[in-house]
Amino acid sequence: MSFDAGYQSHKFKSVGTRPLRPDGVDKVTGRARYGADFNMPGQLVARVLRSPHAHARIVRIDTAKAEALKGVKAVVTAADLPDLTNGDGALFAILDNCMARTKAMYDGHAVAAVAAIDENVAKAALKLIEVEYELLPHVVDVDAAMQADAPVLNDTIFTTGVDPKPETPSNIANRSEFGHGDVDAGFAAADFIVERSYKTEQTHQGYIEPHACVANCNSDGSADLWVCTQGHFVYRQNCADLLGLEVSKLRVTSSEIGGGFGGKTHVWTEPVALALSRKAGRPVKLVMSREEVFRASGPTSATSIDVKIGARKDGKITGAMATLRYTSGPYPDMWAELGAMTSFACYDLENVKTVGFEVVVNRPKVAAYRAPSAPMAAFAVESAMDELAHKIGVNAVDLRVMNAASEGTKSSYGPVYGPIGIGPTLEAAQSHPHMSAPLGKNQGRGMACGFWFNFGGQTCSDLNVNADGTVGLAVGTVDVGGSRASLSLIAAEELGIDYQDIKAVIADTATLGYNDMTDGSRGTFSSSMATISAARNAIDVMRARAALMWDIPVDDIYWEEGHAKAAGSKYGNLSPLSVKEIAAESGNTGGPIAGHSEMIADGAGVSFGTHICDVEVDPETGSTRIVRYTVIQDAGKAVHPSYVEGQYQGGAAQGIGWALNEEYVYGDDGRLQNPGFLDYRIPVCSDLPMIDTQILEIPNPNHPYGVRGVGETPIVPPLAAIANAVSNAVGVRMSHIPMSPPRILAALNDAAKG
Amino acid sequence: MRYERPETIQAATTLLAEAQDSVFVLAGGTDLLVRMQRDDFEAELVVDIKSIAGITDVIETDDSFVIGAAVSCAALGEHAALRAAWPGVVEAANLIGSTQIQGRCTVVGNLCNASPAADSVPALIAAGAQARIVGPNGTRTVPVEEVPTGPGKTSLAKGEMIDAIVIAKPEPKSGDSYLRFTPRTEMDIAVVGASVHLVLDDAGTVKTARVALGAVGPKVLVSQEAAQSIIGTTLDAAALDALATVCSAASTPIDDKRGTVDFRKQVAGVLARRAALIAFERAGGTQ
Amino acid sequence: MVEVTLWAGLVPLADDQKTVTVEAETIRELLRKLGERYPALSGPIKDQVAVVIDGVVYRNDWSQRIPEGAEVFLMRRLAGG
Amino acid sequence: MSSIAVSTTINGDDVEYLCQADETLLDVLRNRLGLMGSKEGCGTGDCGACSTIIDGRVVCSCLVLGAEAQGRTIETIEGMANGAALHPLQTNFIEHAALQCGVCTPGFLMAAKALLDVNPDPTEEEIRFWLAGNLCRCTGYDKIVRAVQAAAVEMRGEQA
């Protein structure tokens with residue numbers, strides 16, 4: 001069933017409205033069930049023993065005393081998770097991170113786990129597990145880890161992407177390079193050059209719900225996992241691979257998810273819970289403490305970035321270069337590469353070169369955090385762009401407009417762009433009242449642009465028309481920010497029925513075909529495409545049923561405004577058949593009516609945003625207050641505008657926290673000093689003003705309704721927008737994120753000394 | 001761990017005296033229960049004092065306020081007379097934690113937790129508050145600054161507890177204030193705290209003053225020299241600069257995850273100056 | 001004929017060539033021929049690669065046709081958050 | 001350690017339970033009484049997701065011992081609606097899209113209810129400082145503050 005994903009512009013009836021979300025009542029009454037809200041009869045409580053050392057060889061683990069303690073039903077170590085990854089490096093990294101096999105690679109790395117009848121017994125049992133560690137030198141800083149004399153974390157890592165292939169192991173796992181043209185020639189032709197180095201500290205997604213699951217392995221090889229996750233199908237695959245279970249026998253149910261932002265795209269304790277359940281022969285509930293979430297889930301990278309941009313007097317950029325060093329934790333991945341790809345993505349450049357270095361350190365395994373790697377690269381590049389604008393003496397927005405990418409531009413990471421929204425967001429920023437509002441004492445305004453790729457991927461949906469004509473929609477992408485409402489609007493639009501007559505649910509892995517991880521802002525984009533396809537499939541079935549009911553050829557029947565209609569004058573007396581009427585006869589016309597879609601949603605289309613921020617800096621204490629904030633971003637088509645605004649506001653708030661206060665603080669002992677919400681400071685209600693949003697709609701040609709992904713781009717500009725605002729407020733160029741009060745005050749003192 | 005809820009002071013102090021191993025007093029619990037989450041926490045007995053008659057009352061006598069040990073900071077903030085008399089003490093108490101913490105935490109708990117960064121302690125000290133300590137062998141009253149002896153340590157003997165804070169009513173033409181520095185606008189532990197209490201003479205110049213700084217040493221720092229720098233002045237620029245310089249010099253903070261030595265020393269001076277101005281204004285002083 | 005630009009990570013596996021010309025009308029044909037010509041490429045091609053045709057990213061849709069003269073990129077498949 | 005018998009009032013009903021001396025009220029609500037609406041986000045009083053109203057004051061139930069509930073009046077999110085009729089704060093949170101993932105929503109609703117009970121006409125700043133003890137990572141707080149403002153107007157019986 002070929003599906004035409006091409007954009008057809010038409011007047012929307014449901015899409016673009018703001019109905020109440022179907023999961024709203026459960027969430028405001030406390031009935032919605034999140035990861036930790038599920039229990040099974042006879043379940044045990046699990047606790048994990050974690051390494052207190054940043055880097056240590058595990059010489060010996062003695063679990064005898066723990067296993068002998070009354071009430072303990074199972075104790076597992078790496079020995080209970082045999083390596084079934086047969087050469088798949090990425091899978092082995094997941095396995096080793098779930099339970100250390102030979103070395104503890106960071107403070108918090110799991111080394112053993114216990115399942116007991118209650119929490120107190122489990123805690124007591126942890127104390128009885130004896131682990132003999134051989135301490136090894138550690139390194140947590142990205143630049144220090146790259147020095148020749150730094151301790152080498154993994155002697156099987158040889159830098160890839162360099163020629164000739166090195167013989168000695170290194171903490172630099174990979175070098176990646178992107179770009180085109182000749183940057184040296186570009187810099188030679190420049191009238192002005194800005195060159196500066198930037199650092200950003202490691203931050204965490206900060207979801208309020210800690211990871212939680214209930215796992216149950218039966219003796220017949222079947223298993224159940226109830227878990228808060230952004231991708232229950234991928235969790236099923238990971239867990240099945242690591243535990244040697246058959247995929248179809250492991251059912252994973254996605255609970256309501258209490259925030260993810262990329263941090264719940266990766267299994268942390270779920271395989272351990274399954275292993276404990278298999279060993280104990282009883283269900284096991286494993287809930288992470290907040291301290292464990294900080295120490296042992298997947299924060300983003302800490303970075304160190306050098307940027308050099310050259311431009312002519314008229315503002316045209318002649319050369320742009322960035323060298324980006326990203327930590328990946330103990331296991332290398334693509335984080336530096338993503339940084340290198342996104343850094344100059346907003347711009348149309350003749351000569352550009354970006355080089356990324358993926359660096360392993362003794363920190364937790366990095367996972368995606370909302371447009372992973374992009375906010376740090378944008379901070380460096382957009383700060384340098386602002387400094388360049390000052391040097392040339394041109395307005396910051398004009399400098400962007402002069403160099404902005406547009407349709408047909410060859411991107412800095414390679415491919416040519418289709419129709420993109422950066423130009424319109426810049427123009428909207430220029431004419432936005434915020435841009436011309438007056439500023440008070442010690443206040444400054446900054447702006448910045450941001451970009452994210454967005455993805456499609458494997459998606460499927462089931463749409464069932466019930467006997468009363470109402471519709472059940474089952475999707476496989478997880479709903480955190482209101483996508484059940486958006487997808488119901490999509491189904492209502494395509495079927496031509498009322499939003500109230502549709503109920504969308506997230507299906508578990510046993511009742512729906514495989515769906516990729518809900519990442520890359522693909523939730524609404526991909527599932528809406530699959531839902532439209534399923535709806536069109538259902539419409540064809542209903543047209544056939546109408547043909548049977550009227551006893552006329554199906555080709556003479558067309559679908560309009562939720563009704564089967566007979567085309568042509570010869571059927572003048574046939575009044576249109578509604579979904580309700582067709583459904584009522586389904587028992588006689590062929591059985592239940594449904595529409596299915598199994599597809600690869602592609603052509604997601606990139607998403608651009610421009611942010612404007614006013615800050616007030618207290619020059620005597622270095623404290624920064626966000627006075628005003630505006631987000632302007634292209635959504636292609638805002639299906640449910642309230643929740644598109646919610647993505648813009650939420651991304652901005654995370655960016656504000658990252659820019660001003662959030663950071664992983666490590667002691668000299670390589671231990672995380674602030675694993676808690678008291679000293680890992682995310683913004684509180686009284687820290688922020690109202691966050692204004694402006695949704696632009698430049699249709700995505702590869703989606704029937706023009707929809708683009710919106711979820712990740714909002715976090716990309718804030719670091720730079722705030723840094724530029726602080727610089728314009730008190731005249732110091734901050735190059736280290738977060739711009740905490742001690743850092744700003746030190747910079748002011750240095751500036752005062754001249 | 002055992003939980004007891006005595007209804008009289010005597011019963012409470014007896015329980016505290018008889019406990020062999022570690023014993024804790026529970027009033028608001030907002031520090032104690034956080035400590036209990038840690039795996040290394042051990043306690044034989046927790047004594048919940050909230051059922052002791054009168055312990056949750058604020059009593060105004062003709063010359064003082066008697067704040068019961070289990071009065072929540074939220075309740076303190078709602079006591080109009082105390083707020084009018086000692087605005088600095090009340091604003092310090094109301095800065096602790098969040099609305100939810102305010103509904104439980106107490107100034108006595110804040111004092112006995114003995115954190116160098118406690119919010120209410122500098123203001124209590126600047127106000128000259130007294131701690132009424134009860135124990136197996138009777139009651140004694142000491143200035144508040146004598147209770148904390150170092151981070152997490154107090155001078156209370158075994159079996160002793162504080163059952164009230166007593167603050168004398170302020171002299172006429174006096175004012176107090178408390179300011180703290182936190183990176184966020186709420187929910188933070190003070191990186192630096194500064195409290196100033198001063199009394200003006202008839203001419204409107206500072207007659208007496210007390211300056212107390214938090215989070216700049218193992219205990220709250222009471223600086224006589226800082227007080228001297230503003231006595232006899234109407235807080236002109238020179239006096240304020242002297243106050244700031246003295247406070248920065250007197251501070252002996254540490255580097256930690258919340259702030260650096262330089263930052264704390266510099267901001268201690270800034271907050272002391274700003275707090276002095278507020279106290280001066282509240283005392284009726286004019287610049 | 002189609003000119004394919006390889007993602008930096010693949011260049012060493014294709015005799016260090018940045019661009020390769022291949023006769024292919026679908027993504028399936030393109031990937032099969034690349035794998036045959038440069039066996040070292042067949043590993044990453046299996047599941048780490050996305051094909052970009054004139055700026056549109058196709059994550060793993062072999063049936064997708066490649067128009068004559070289209071700009072084709074082999075890009076690393078990306079993770080998101 | 002032996003269990004402690006506690007009798008208290010929760011959402012208007014008489015409730016009795018046994019709990020350990022060191023067991024928090026949050027654990028009692030969730031693990032013994034099946035009232036899963038209060039959530040644990042941190043266990044240290046820093047996120048507000050476990051907010052519960054005890055004797056009229058909104059507190060973190062993770063920093064209250066189950067034993068302390070003896071004889072007190074406790075309100076949890078499960079008691080906020082009046083049967084099927086939602087509280088104005090609940091309806092306004094949905095209408096203003098003041099929640100996305102929703103895990104912080106029960107805590108916000110308890111805190112907002114406690115606010116409007118004592119301050120029926122709060123300014124934006126008063127709302128923001130009162131709710132500073134409730135962390136939200138999804139919304140950036142904008143729509144939450146607007147929902148509380150709208151509910152306050154509705155509860156005062158004025159025109160929205």
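**A note on two interfaces: within chain D, and between chains A and D**

1. Welcome to this structure. Chain D comes in two parts: domain 1 covers 4-79 and domain 2 covers 88-155. Please keep in mind that this is a predicted model. The C-alpha centres of the two domains of chain D are 21 Å apart.

2. Let us start with how these domains meet. Domain 1 of chain D and domain 2 of chain D each bring 13 residues to the contact. Together they bury about 1,000 Å², and carbon and sulfur atoms give 66% of that area. On the domain 1 side, you may like to find Ile53(D), Val58(D) and Ile77(D): these residues supply 40% of the area that domain 1 of chain D buries against domain 2, more than any other three residues.

3. Charges and polar groups also take part here. One salt bridge is counted between the two domains of chain D. Glu75(D) and Lys113(D) form a salt bridge in which the closest N and O atoms are 3.0 Å apart. Across the same domain interface, four residue pairs are in polar contact, with both residues at pLDDT 80 or more.

4. Which strand gives the largest share of the side of domain 1 of chain D that touches domain 2? Strand S3 of chain D, residues 51-54, does so with three residues. Sorted by class, that side of domain 1 has five nonpolar, five polar and three charged residues.

5. Now for the interface with chain A. Here 51 residues of chain A and 44 residues of chain D are in the contact. The area buried between chain A and chain D is about 3,900 Å², with 61% of it on carbon and sulfur atoms. Val28(A), Cys685(A) and Met690(A) supply 20% of what chain A buries against chain D, more than any other three residues.

6. The polar side of this interface deserves a look too. Four salt bridges are counted between chain A and chain D. Asp37(A) forms a salt bridge with Arg30(D), and their closest N and O atoms are 2.6 Å apart. Between the two chains there are also 27 residue pairs in polar contact, both residues being at pLDDT 80 or more.

7. Finally, where on chain A should you look? Helix H1 (24-29) and helix H19 (641-660) of chain A each supply at least two residues of the side that touches chain D. The largest share of that side, nine residues, is from H19(A). By class, the side of chain A that touches chain D contains 26 nonpolar, 18 polar and seven charged residues.

Notes:
Residues are numbered from 1 along each chain as its sequence is written. Chains are lettered from A and ligands numbered from 1 in the order in which they are written. This is a predicted model: local features need pLDDT of at least 70, side-chain atom pairs count only at pLDDT 80 or more; totals for chains, interfaces and linings use all residues. Side-chain values use heavy atoms; hydrogens and water are left out. Domain bounds come from an automatic or database domain assignment. Contact means heavy atoms within 4.5 Å. Buried area is the accessible area (1.4 Å probe) that two parts lose on being put together, summed over both. A salt bridge is a side-chain nitrogen of Lys or Arg within 4 Å of a carboxyl oxygen of Asp or Glu. A polar contact is a pair of N or O atoms within 3.5 Å; within protein, one must be able to donate a hydrogen and the other to accept it, and residues adjacent in sequence count only if both atoms are side-chain atoms. Helices (H or I, at least four residues) and strands (E, at least two) are DSSP runs, numbered from the N terminus. Ala, Val, Leu, Ile, Met, Phe, Trp, Tyr, Cys and Pro count as nonpolar, Asp, Glu, Lys and Arg as charged, and the others, Gly among them, as polar.
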